[in-house]
Amino acid sequence: LRRFVPLLIIAVVAIGGGYFLRDLLSFETLRDNREMLISWRDSNYTLVALAFIGIYIVVVAFSLPGAAIMTLSGGFLFGIFPGALFCVIGASIGAVLIFTAAKTGLGDMLHAKMHAQGGGGILERMEKGLHENEVSYLLLMRLVPAIPFFIANLAPAFLGVKARNFTLTTFFGIMPGSIVYTSVGAGLGDVFAAGETPDFGIIFQPGILGPILGLCVLATLPIIIKAFTSRKETSQ
């Protein structure tokens, strides 16, 4: 029963947070409190930076709404650098926490049951393919903007992914997106002055999406090379 306690806590906080915080962690809240936030930052930079990272950890670890707003806030308060670094640190720690909770609570049990059934089922074949190119697949999950962040946190926990590979690919894989959104956040002063809202779809613009897709191609190269080599060895 103790194995399920972390997951139950995450589920309860996520549901409650989604209901009570959906209006608090919003662009409007950031806009209306921007002067107070800047004043806090200027009066105690280190404390505000640590508090920001801590809040980001909680948001990700409990799958609360507002991760995009947190990234914008990081750019608005701290600039592209170190704002992007603060976001990556907070998001990575939060992702590792929820990954660990899911892996400990259900992942290991489901993984053991899958292998106990045997028979080389589709899930077992998927897992085998994943582990043969674990780093590449995990990087792709982080780099592709279409995959929701919480799914990329939970799915690996149910497929026996190594914690070290998950941590490293999370930290480096979310960097491109974090830099893009913190750069948007860094320009929020002009957006507020114009009475506009930030463009969350900026990551899909060709000039930004192109380099990210290029990174995706690089991540898939080991998979393609290994598949080609295996096919060649089989034919021989």
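Colleague: By class, how many residues in the lining of the second largest pocket are nonpolar?

Modeller: This is a predicted model, in which local features need pLDDT of at least 70, side-chain atom pairs count only at pLDDT 80 or more, and totals for chains, interfaces and linings use all residues. Residues are numbered from 1 along each chain as its sequence is written, and side-chain values use heavy atoms, leaving out hydrogens and water. Ala, Val, Leu, Ile, Met, Phe, Trp, Tyr, Cys and Pro count as nonpolar, Asp, Glu, Lys and Arg as charged, and the others, Gly among them, as polar. The lining of the second largest pocket has no charged residues, five polar ones and, as nonpolar, 14.

Colleague: Which residues lie closest to the centre of the second largest pocket?

Modeller: The second largest pocket (an open set of 1 Å grid points where a 1.4 Å probe fits, with protein on both sides within 12 Å along at least five of seven lines) holds about 510 Å³ of space. Its lining (residues with an atom within 4 Å of a point) comprises 19 residues, and the closest to the centre are Leu-37, Trp-40, Ile-55, Met-70 and Leu-77.

Colleague: Which helix gives the most to the lining of the second largest pocket?

Modeller: At least two lining residues come from each of helix H2 (27-32), helix H3 (34-43), helix H4 (45-61) and helix H5 (67-78); helices are DSSP runs of H or I with at least four residues. With five residues, the most is given by H4.

Colleague: How many charged residues does the contact of H3 with H5 have?

Modeller: The axes of H3 and H5 come within 10 Å and cross at roughly 60°, and the two helices are therefore oblique to each other (not under 35, over 145 or 65 to 115 degrees). In the contact (heavy atoms within 4.5 Å), Arg-34, Leu-37, Ile-38 and Arg-41 of H3 meet Phe-76, Leu-77 and Phe-78 of H5. By class, this contact has five nonpolar residues, no polar ones and, as charged residues, two.

Colleague: Which residues of H10 make the contact with H8?

Modeller: Helix H8 (residues 134-143) packs against helix H10 (residues 163-173) at about 40°, with axes 9 Å apart. That angle makes H8 oblique to H10. From H8, the contact involves Glu-134, Val-135, Leu-138, Leu-139, Arg-142 and Leu-143, and from H10, Asn-165, Phe-166, Thr-169, Thr-170 and Gly-173.

Colleague: Where is Ser-63, which has a positive phi, found?

Modeller: Most residues other than glycine have a negative phi. Ser-63 is not a glycine, yet its phi is positive, about 50°. Ser-63 is found in the loop between H4 and H5.

Colleague: Is the peptide bond from Phe-81 to Pro-82 cis or trans?

Modeller: Pro-82 has its place in helix H6 (residues 80-117). Most peptide bonds are trans. From Phe-81 to Pro-82, omega is near 10°, and the bond is cis.

Conventions. Axes are lines fitted to C-alpha atoms, for helices over the stretch in contact, and angles run from 0 to 180 degrees between N-to-C directions. Grid points are joined across faces, edges and corners, and a volume is the space filled by probe spheres set on the points.
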